[in-house]
Amino acid sequence: MTINENPDSQHDSNTLDIEKLREQIKLKYREVAITPDMEFHFHTGRKLAEKLGYSPQVIDEVCATGVESFAGVGNPFSLRTITKGEKVVDVGSGAGFDSFVAASLVGDNGEVIGVDMTEEMLVKASRSAKEMSLDTVNFKEGIIEDLPITDGWADAVISNGVINLCADKRAAFSEIFRILKPGGYLQFADIANSNPIPQAVIENIDLWTAWIAGGLPCAGWEKILRESGFQDIKIGEAVDTFGGASGEANAKQFGVYGYAFLARKPDK
């Protein structure tokens, strides 16, 4: 795998019905919240967390309902360790697994806000936080392109397998940039493809919700991050996120793997 694919091979998603896409994403992740043991195109739960490099000790600190609906593509903590006292926003927080991991890192003097648009995920995450008596974690309803967070609030923004689902990635990164403090970090995991994605696939909403159609090449992610104002960009090693899942064939066809990304908002 190489991260030097053509950065201009970003696809045209202008023909997508954005509201229909959001509704299909909600439907898919409603299923992940309510029936986490169902078979999806992707792995879920503890098995996935271990596959993505989360230590058993970290996973053990999260209650069962906080783990079972985890659906990520990489490890957003792998390129930078979040430190005590930080304020963290988890964008597309789902059932809260990464929010809970972040809470264990920021400690009692830190704060974590998870933002998600799927009601069932928000309910499940809030229940898990209550079960674990995590007063430093709160969950809010919202979308990435319009985050319910004050300007410059966050020391770090995390996300896992979510930004690829945004048709307007520039709007998503603009919002993340807005809520970060100067010098703050964006650390996210997402999918990247090494083979071109045909327009017919891009227009297939099922392949967006299956984490195939919405990604960019690594060089495309790097380019859009720089154009959004971020600097000091790092990209982790490829992770075979879909290996053994029912979506593996599609992932292999388009060279789709999970990656961790790290970028920083300039100090001024």
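Visitor: How many helices and strands does the protein have?
Guide: Keep in mind that we're looking at a predicted model. Both kinds of element turn up here, helices as well as strands. The tally is 11 helices and seven strands.

Visitor: What radius of gyration does the protein have, and what would a compact globule give?
Guide: For 268 residues, a compact globule would come out near 18 Å. The C-alpha atoms fill a box of roughly 45 × 45 × 35 Å along the principal axes. The globule value agrees with that of the protein, which is 17 Å.

Visitor: What share of the 268 residues is buried?
Guide: Buried here means under 20% relative accessible area. The accessible surface comes to about 11,200 Å², with 47% of it belonging to carbon and sulfur atoms. As for the buried share of the 268 residues, it's 58%.

Visitor: Of the contacts between residues at least 6 apart in sequence, what percentage join residues at least 24 apart?
Guide: Take I176 as an example: leaving out residues up to four places away in sequence, it touches I144, L147, V157, I163, L186 and F230. Across the protein, among contacts between residues at least 6 apart, the part joining residues at least 24 apart is 78%.

Visitor: Which residues have the most contacts inside the largest nonpolar core?
Guide: That core has 33 residues. Elements that each supply at least two of them include strand 1 (87–91), strand 4 (154–160), helix 7 (169–179) and strand 5 (180–193). The residues with the most contacts inside the core are V89, V157, F173, I176 and L186.

Visitor: How many residues does the second core have?
Guide: This one is separate from the largest core. Among its members are I25, A167, A189 and V256. Its size is 29 residues.

Visitor: How far apart are the mean positions of the positive and negative charges?
Guide: There are 26 positive and 40 negative charges to place. Take the mean position of each set, and the two lie apart by 3 Å.

Visitor: Is S133 buried or exposed?
Guide: S133 sits in the loop between helix 6 (119–131) and strand 3 (137–141). Its phi is near 55°, positive in a residue other than glycine. Most residues other than glycine have a negative phi. With a relative accessible area of 56%, over the 50% cut-off, S133 counts as exposed.

Visitor: Where does D232 lie?
Guide: D232 isn't a glycine either, yet it has a positive phi of about 55°. Its relative accessible area is 44%, so it's partly exposed. As for its place, D232 lies in strand 6.

Note on methods. Residues are numbered from 1 along each chain as its sequence is written. This is a predicted model: local features need pLDDT of at least 70, side-chain atom pairs count only at pLDDT 80 or more; totals for chains, interfaces and linings use all residues. Side-chain values use heavy atoms; hydrogens and water are left out. Helices (H or I, at least four residues) and strands (E, at least two) are DSSP runs, numbered from the N terminus. The radius of gyration is taken over C-alpha atoms; the globule rule is 2.2 Å times the number of residues to the power 0.38. Buried means under 20% relative accessible area, exposed over 50%, partly exposed in between (1.4 Å probe, protein chains only). Contact means heavy atoms within 4.5 Å. Accessible areas come from the Shrake-Rupley method with a 1.4 Å probe; for residues, only the protein chains shown count as cover. Lys and Arg count as positive and Asp and Glu as negative; His and the chain ends are not counted. The place of a charge is taken as NZ of Lys, CZ of Arg, CG of Asp or CD of Glu. A nonpolar core is a set of buried Ala, Val, Leu, Ile, Met, Phe, Trp, Tyr and Cys residues joined through side-chain atoms within 4.5 Å.
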